[in-house]
Amino acid sequence: MADSTFPVPGAIGAAAPRRQWSQTAFLAWLHDWVVTVDHKKLGILYMLYAIFFLLVGGVEAMLIRIQLIRPEMHFLSPEVFNRVFTMHGTTMVFLVGMTYIFGFANYLIPLMVGARDMAFPRLNALSFWLTFFGGLLLYYSFIGGYGLYGAGSAPDTMWWAYSPLTERAFSPGHAPDYWALSLIITGFGTIGASINVIATALCMRCKGMTLMRLPLFVWLNMVTSFLALITVTPLTAAQVMLLIDRYLGGHFFDTQAGGSALIWAHFFWIFGHPEVYVLVLPSFAIANEVIPVFSRKAIFGYPAMVAASVGIAFVSLGVWAHHMFSIGMTSVGNAFFVLSTQLVGIPTGIKIFNWVATMWGGKIRFSTPMLFCTAFLFQFLIAGLTGIILSVAPWNWQLHNSYFVIAHFHYVLVGAIVFAIFAGIYYWYPKATGRMLSEKLGKWHFWLFVIGFHVTFDTMHIPGILGMPRSIFTYEADRGWGTWNFIVSIGGFIQAIAVLVFAYNLIYSYFKGKSAGNDPWDAWTLEWATPSPPPAYNFAEDPVVTSRRPLWDIKHPEDPDWRYE
Amino acid sequence: MLTEPYRCVKWSVKWFLFLFLFLASQAIFAEGPQSTPSIFAPASTPANSIYELSLFVIAITGGIFVTVGSLIAWAAFRYRQHGQDDTSEPAQIYGSTQVELAWTVIPILIVVVLFLTTARVIFAIQDAPKPKSALDVTVVGHQYWWEFNYPKLGIHAVNELHVPLSDADHPTPTYLTLLSADVMHSFWVPQLSGKTDLVPNKVNHLWIDPHHPGLYVGQCAQFCGVEHAKMLLRVYVDTPEQFAAWVKNQQQQAVNDPKVAEGRHVFETQACMNCHTIAGTAATGRFGPDLTHLMSRDTLASGATTNTPDHLREWIRNPDTFKPGSLMPAMQLSDQQLDQVTAYLSTLR
Amino acid sequence: MSSVAVAQAQAEAWVQPSKGRVAMFCLILAESAIFTIFVVAYIYNLGKSLYGPTPQVLEVPIWNSIFLLSSSLTIWLAERAVEHGKIKVFGLWWALTFALGTIFLVGTGVEWHKLITVDGLTISTNLFGTTFYSLVGLHASHVILGLIALLVVLLFTVTGHVREEHAERIQVLALYWHFVDAVWIVVFTVVYVIGR
């Protein structure tokens, strides 16, 4: 397909006809992408958006690491630094984390359940464009508004936007307004996309696909979407309250009028904690597909995996105040949240054990997707353990708001989620484009990234233990944090190079990659029964399935899955 | 290529061993205050309880890491595909009730043990009964400085907290009541205690009983605005004699040296007294720090710079030199006024 | 694949939930979360106002509530009518639902007018004002959205475009209206019963 551009609707596997490059053709092509309601195109749009903002957020991270590489640096002023780290967090969580979810989900769920499209294609498009414009509004803040210290109006109060710092009295500019408004808009996009995922998974399955035969990818995205519905909305509510305070003279968080700083913290974390599960469950979804295929074994303990996922979602709703151990709750309150937080570790641990058991006794092929997934497994284990450490409230009184916490959550967000995203892209890119990503570049990408990741985030735990708090634009030279910060920054630069290799791989392989065929990985779920890329209608005939791995049954008629399920 | 993941794991394990030994060394060599405020160098009971609990937790999590990590590494190594052309599929195992039950029950037991141990320390620290010999200090957080009031002693200190040494046999802990005048802050001196937030419209508490005299450092640990990074803490743990001397000095009115009367006049006629208090003069402003004993402090602007006449003059001329975004405006004084007011303030011991 | 298994799968009827209903339930779930946060903020702030009017200035809107809650009954009757193809009857009950909802909104407006001009209570007066107007206002805004949707369907009915096969879609919309009424029961209890 050397001469085609993005998958053309209706193409069936073989090379599309050579496209005449003219302005009308280009405009027609662009128009097609802008008005599309096709889940595959919208999935790709979400992914391109996520990758773009991963790069932007990455640049912000590099700016932070340059400023912190030595003590008392003057690379960024405190005003600019505070905006950069706030935008880094907000971007990565909302514009990368919340978008990659729907990128993968939109592209794959209809294919995996044997449907023609998502349940509500137009709602799908609306949700994407709401998210898109919300992100644009957030970034417009750098140049729009009258800017407070001559550094634009980008949000600068941490991605948690604690009150009363965000009230008019302490933030007279427009920074919190951009933060609240842009996230309210992307929040509506998230609600729409979540409704779509649930409706598709529950109502559009092909014949024979009972809920207990759904691919775990679909299960996990469905659980994520349910969780997102009641996770994102508390944030929307709190942000509306903040805007009422700032514009209508309200007093929700106005401590001078008897309002409460505490209640913002509660509302934010009632959103914030389940939010991190919304971010991480789809990475489990990817692992649940990649690990079995590359271990050449069915996933171990499918029913337990379903139960554990649902369990994680429920328990995660009751742990939020472990972000607030130092805010002055009673000893009983603190103890309760220690218990609930440690309980969520149990279903999470079960998932890790199930993945290891899947690999056990297998014939593991270490292609790039599996390299990323193996690292994911190892790193998620460590992230979970530092999470257990942080759940111990007294120890949390020391570690809260220190670089130890930053190390912990980057271990989850980068070490687990970004690694899983890379695994998923290497795994499904052939399906979406008909080309394989270069294995050689993939291995360079992997090794550079995993080394850079460990250099940065293993080391980062140390300054936390040595008393370095977060959100500081610089630190004293005599605190002994300088060397550690230097090492952390170096690792950051290595990761940046790795991501550039990845971006190059994406583009290079699109034009020069090996042709993929329908099923390059010898996999077992329905999407591999379509051409690569699939035609607009996905399946020429509605599939009928009788087990969890329909293609295994076809490839192994002597030993089909439905005998054992 | 086949041994890549195995090598990666071996490398990571080496890295972690190094980390662990480093952390352990912090404790081995730690005694008394140090310039690096390590949480593994406790010098007070709350910090010490946390440290001991943390060793227990590291043991458990370390054990889990070694066990599960080895299983992952072993699975990746032992069950990798041998020979590229081997297309036969391994035995398909769908689950095992006994194994799954075991690895559900064992984590539950670990959680129970961990929770009970943790709860005990929570109650020991938070609900510790307050002895009669405790010293009360009210801490008020401001953007970007600390106010320390000793109500029973009539002292209004700023940025540098002096507390008495506490003897294990006759404890004299210091109980801090934490308030905020504006936004959320957090009091964190790692060697003395875990952090507790200063929340506007809420009263929080923290206690310390330092066992070794000296200077302990920390800083505000909840983002509070532009100069959050420069809201530093200095806690001076004094011997009984040192503390008594310090208290006596702080209780005095401001030094009134007639040689610097012009400087005092500048202070009282410019807008300085709108924000600052100097005990025994007409200046009773409460927005900014109390300057009565400015020269008894080692640093200016909560640690933004050292307290020397040059730095003091520069601070008054333009606070943004040391702390851009601090809420003190540049007062646009002439050079002569600056010299005079600096000379005056330099007498306020 | 064994032909037995395939034949079996094809013989059983393949029934899945209606996607419109599932979607509406999801929307209701999300909206409930938003309302819960505002209710929690209201309850948390009870008695915390430092000055200004207290909840004692509220008059319990009995009639307004009766109007709104009976609109749930009328919309239910409308649903039953369209199920059986009785479009004219459907139109009447639907119009009555719309009218009852509008009366509720007008009643709320009258109540707020009294609170603002007589008692001096606005959203910026004190904590009570902020939380009261936010919560009741959030509910009222959802009533407005519902009324707009009801009006659109009413126009379609009057121009003869609604038929028996639209019954399911109408039931999905009615679900939203029932939700709005259910939320009012909660808001009413919290604000006018417990809060006073």
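Of the two pairs of chains that touch in this predicted model, the pair with the most contacts is chains A and B, and that is the pair I would like to take up before the other one. In that pair, 85 residues of chain B are in contact with 78 residues of chain A.

If you look at the structure from the side of chain B, several elements each supply at least two residues to the side that touches chain A, namely helix H1 (4-28), helix H2 (45-78), helix H3 (97-126), strand E7 (196-198) and strand E9 (214-219). The largest share, 15 residues, comes from H3(B). When we sort that side of chain B by class, we find 49 nonpolar, 25 polar and eleven charged residues.

Let me now turn to chain C, where 31 residues are in contact with 38 residues of chain A. On the side of chain C that touches chain A, helix H1 (3-11), helix H2 (19-44) and helix H5 (127-158) each supply at least two residues, and the largest share, 13 residues, is the contribution of H2(C). By class, this side of chain C consists of 21 nonpolar, eight polar and two charged residues.

That leaves one pair to consider, so to speak: how far apart do the closest C-alpha atoms of chain B and chain C lie? They lie 11 Å apart, and no contact joins these two chains. To put the picture together, chain A is in contact with residues of chain B and also with residues of chain C, while chain B and chain C have no contact with each other.

Notes: Residues are numbered from 1 along each chain as its sequence is written. Chains are lettered from A and ligands numbered from 1 in the order in which they are written. This is a predicted model: local features need pLDDT of at least 70, side-chain atom pairs count only at pLDDT 80 or more; totals for chains, interfaces and linings use all residues. Two residues are in contact if their C-beta atoms, placed from the backbone, lie within 7 Å. Helices (H or I, at least four residues) and strands (E, at least two) are DSSP runs, numbered from the N terminus. Ala, Val, Leu, Ile, Met, Phe, Trp, Tyr, Cys and Pro count as nonpolar, Asp, Glu, Lys and Arg as charged, and the others, Gly among them, as polar.
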